[in-house]
Amino acid sequence: MIVEKPMWLRHAGLQIFSLDVQPSGLRFATAGGDHKVRIWNMKPLGERDSDSSASVNKLLATLRDHFGSVNCVRWAKCGRLIASGSDDQVILVHERRPGSGTTEFGSGEPPDVENWKVLLTLRGHTADVVDLGWSPDDTLLASCSLDNTVRVWQAATGSPVTVLTGHRSLVKGVTWDPIGSFLATQSDDKSVIIWRTSNWGLVQRVEGPYDKTVGSTFFRRLGWSPCGHFIATTHGFQNPSHTAPVLERGEWLASFDFVGHNAPVVAVRFNHSMFRKQGATDTGNGAAAGTVINGASSKSKDALPYNVIAIGSQDCCISVWTTGSPRPVFIGKHFFTQSVVDLSWSPDGYTLFCCSLDGTVASFHFEAKELGQKISDSEMEEFKKSRYGDVRVRQVMLAESPAQLALEAAAAKQWGSVNPPAKTAEPASVPPPPPVVAVNGALGAEGAPKVAATEAASIPNGGGLVTSAPAKVIPSPVKQTEYRRPDGRRRIIPEPLGPPAGHEGLFGNGVMHDPQPEIPNVPTSDFRKNVDEKREDPGKAVVAKESDAENKRSLPEECTRGVDVPAAKRSNNNTAFSETGAAAPSAHPSSAPEAFGVGISCNPPASIAMVQQADMITPLERISSMKGVLSIRTQAPEDAVIQAPITLESRLIESSDNLGSIVGAGGTTLKRESLAKAEVVCSQAGVVRWHDRLSSIPTALAGNFNFWAVACSDGSLQIYTMAGRRSQLSMMLGSPAAFMDCNQQGWRLLLVTKEGSLYLWDLQESKLLLHESLSPLLSPSSVNENSKSNGLLKVVSARLSRAGAPLVVLANQHAFLFHLNMHCWLRVADDGFPASNFVTTWPEVSAPAETGELALLQAGVTGAAGKKFIWNRSSLEEEKWQTRVHLEVQMSAAQALQSASEYRRFLLAYARCLAREVDEARLRELCEELLGPTYVVDSSSPSRAPSKLDKNHHWNPEILGMKKRELLKSEVLPAMASNRGVQRLLNEFVDLLSECEAQQQILGQQ
């Protein structure tokens, strides 16, 4: 045995917490208290010639991206990636890039020989990250922390997979089953937990061997044997010695202990390979002992392979054991002055590396006669296969019926791809590395030219350089926040901003991956502020300030004394309007939204606030007009001779036209002011069809090809026929209209006054359908500082939904629909689920007519909420809960708005969400609601007891014009096929649905 302790391997004299050897054996990495990860060249450790070793670059790279002590560093099995966890609660994954590296300014260190850059930044832990572990196939990365949790991450994208919360205290160690079926963690709660990786359920909690433990350690680094049968744990105690208890697979009980250390065991590490006693090989044909040749086994007791394990303790000692001997192979004392905290074996299995808190690293090189003969990799795979079967088959959840495969194929054809079943990824085959030589101390492929920064980057694979094109992974963008520590030192904290635009599919676990264009952001902070509300006459309304923007127009001051300045509002897609107040022309779609302050008390409000209208909620085609003009436009009837749009305008009458004449006594002529203050003109293709004069200034216009409606500032409402006849007496509402709308082809008219009263009439029948107040909307959950000011409720839009129900949108973009049958307000859009994976599902703004109404409302909420919807650090469980509840709310909102396409869309997303979470209770209830009665109830000859749905005779086979069973067949069942964990429930409802269809065919033939 040869022991080497290089004095040049240091972390600025500080502690070294972790080390790991690259699977290729060309490099090894250390992590220390200087906040750095250092990557070292392995070659100088084997050089006996001091001159040749001096010419070789020992330090290849220094990774300086952490802001705290680095507690753990681990290479991926492929050797291309290296992960590190730190006191800064962040996990970084680095990869090597072409070219040479840089150095830290002012450090005095030479530039890095190799260029290593951050590939992924994993945030989620709320305390120090203590230990890391790559899965056998490098697809997952597990981390444990002092926040009592274990997190599992997708190695390709960095997205979280699950959070394991079974421990009751600090979690200090994590290790993977080499087969990939289990994950083991150890904690300060004196327990080891075995987790099943297929569903992340808790398999076993082992506490017995650790009940009598004394003392404390910063790490509890346990290890899993390469054969998969043993788990060596740390911090056990059997009076009078500290032990390393070993758990056996299956029963998960402590079968034996490694005994002998005088202080708590901190870390254990199994050798990557298995060994057998030297000379225990079959002779004659060169085959290894223990293999099967011509059907006969050559196994013997001495030929049985065994594991080799190294143990490090707080007693500053190292011991090396084998599972085939009751005594240690080696005990190392006096090599370190402080605790041994981490261990790592070289790929050849004969060199052990150890690091200590005293800031040093030692290597112990064993000979074959000391450890035994290493078995080959192919023999190791055969050993695993004989004990556990084909690992690739074990990782796949097999389909149990042809229906499962048929639905998976149908889903793949319909959506392009489906969520793969758990653990279906096979380990990627890595080609053998080319011969590697050292060129000026740097590592590269033999005979390979110098690496250039090209699109196909050369990435080290197993230490050798091979040209490959790795999958593009876009890290989360960050902005930096600077602060000063109490000692005066400056520090920078990266703050996540969420996924880059156009790459939302890389983040979260939503099922809708189609890229969606962005909606123009309408900041609520741009709302126009109210002017002084204290007027001489409290009954007068306060008019909003003139905006400095050139595209905003308002009525003349002499025309607005004692009245409000509302807007003509129209929600139909074929109707446009132009305000005299603050309407922005269509050339400026991103202008700030308009809202009216609506009083909710019985008395007239003392002040009325007004800001500009939100185009996002009410998509309108606006008409540019002169000052003092309101204008709307609607399409002519299909059977009309002239198909040009019909325009209705209200214009102020000039003062010279407001004079009339009368003849007084003595033939004198007197002048008096006319009662007419405004004129309403209806025109088509430049030809005036009719006109009328009004004694009050119009504040809102609405109409279709059945009628026109004009609301005035004195609280009156005038209804006209298409030919201009006054079809009704003036309707006195007692308050000016703030919003007015009508449906596209019917006779319904909606009007909201500034007192907060909402009216809905059927003008053809001269019937009031609804008279409701907006006061229920003034609640803490629906009003914030942007939507409520000085006792007024700011309303952005009040219109009829596409289904004909009143729809009100507040300034915070929360939308409320009045249910005409239930006679109450329903909240259909809000910002209550910021962590949901579906809050960034933007609608297609280029074609609003084809976009669902709910999508437009939700997009308005997202834009108004601003930073509240930015990617946040909420827990994975919170994210899952918000996503599920948000989808349930969206389904109900789509049903209330009678949007069939959106209901189908969210039903699909909801079914896939439940299938992904294996929520069988909710899936069963959803399927039962869509399936309905499973047979025709025949009271004369009942064949079986009816179920709950069978007893419900009011089951409606349709929803929003769609057949429920067709939705079950075409949407829900294929979505359930995305996870084979619910395939038994899927097969049950496939059979029930087939039975129902067969019964329907029989009834149809009869």
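At what angle do helix H7 and helix H9 pack, and how far apart are their axes? In this predicted model, H7 (residues 853–865) packs against H9 at about 70 degrees, and the two axes are 8 Å apart. Axes here are lines fitted to C-alpha atoms, for helices over the stretch in contact, with angles running from 0 to 180 degrees between N-to-C directions. H7 is therefore roughly perpendicular to H9, a description that applies to angles of 65 to 115 degrees. On the H7 side the contact (heavy atoms within 4.5 Å) is made by Glu853, Leu854 and Ala855, and on the H9 side by Glu902, Arg905 and Phe906. Three of these residues are nonpolar, none is polar and three are charged; Ala, Val, Leu, Ile, Met, Phe, Trp, Tyr, Cys and Pro count as nonpolar, Asp, Glu, Lys and Arg as charged, and the others, Gly among them, as polar.

**Basis of the model**

Residues are numbered from 1 along each chain as its sequence is written. Local features need pLDDT of at least 70 and side-chain atom pairs count only at pLDDT 80 or more, while totals for chains, interfaces and linings use all residues; side-chain values use heavy atoms, with hydrogens and water left out.

**The chain as a whole**

The chain contains 13 helices and 61 strands, taken as DSSP runs numbered from the N terminus (helices: H or I, at least four residues; strands: E, at least two). Of its 1006 residues, 53% are buried, where buried means under 20% relative accessible area, exposed over 50% and partly exposed in between (1.4 Å probe, protein chains only). The accessible surface amounts to about 45,300 Å², and carbon and sulfur atoms contribute 51% of that area. Among contacts with a separation of 6 or more, 58% join residues 24 or more positions apart.

**The two helices**

H9 covers residues 900–916, and its end C-alpha atoms lie 24 Å apart, in agreement with the 24 Å expected for 17 residues at 1.5 Å a residue. The expected span is 1.5 Å times one less than the number of residues. H7, with 13 residues, reaches 19 Å from its first C-alpha to its last, close to the expected 18 Å. Twelve of the 17 residues of H9 are buried, so this helix is largely enclosed by the rest of the structure; among them are Tyr903, Phe906 and Cys913. In H7, 13 of the 13 residues are buried, so it too is largely enclosed.

**Cys996**

Cys996 belongs to helix H13 (residues 983–1005) and counts as buried at 2% relative accessibility. Leaving aside residues up to four places away in sequence, Cys996 touches Leu931, Pro933, Thr934 and Arg965. Thr934 is 62 residues from Cys996 along the chain, yet their C-alpha atoms are separated by 5.9 Å.

**Backbone geometry**

Most residues other than glycine have a negative phi, and most peptide bonds are trans. The table lists residues with a positive phi.

| Residue | Phi | Place |
|---|---|---|
| Gln898 | about 55 degrees | loop between H8 (876–896) and H9 |
| Val918 | about 55 degrees | just after H9 |
| Leu960 | near 55 degrees | loop between S60 (958–959) and S61 (962–963) |

Gln898 is exposed, with a relative accessible area of 53%, whereas Leu960 is partly exposed at 27%. The peptide bond from Asn239 to Pro240 is cis, with omega near 15 degrees. Pro240 lies in the loop between strands S20 (236–238) and S21 (241–248).

Terms used: Accessible areas come from the Shrake-Rupley method with a 1.4 Å probe; for residues, only the protein chains shown count as cover. Angles under 35 degrees count as roughly parallel, over 145 as roughly antiparallel, 65 to 115 as roughly perpendicular and the rest as oblique.
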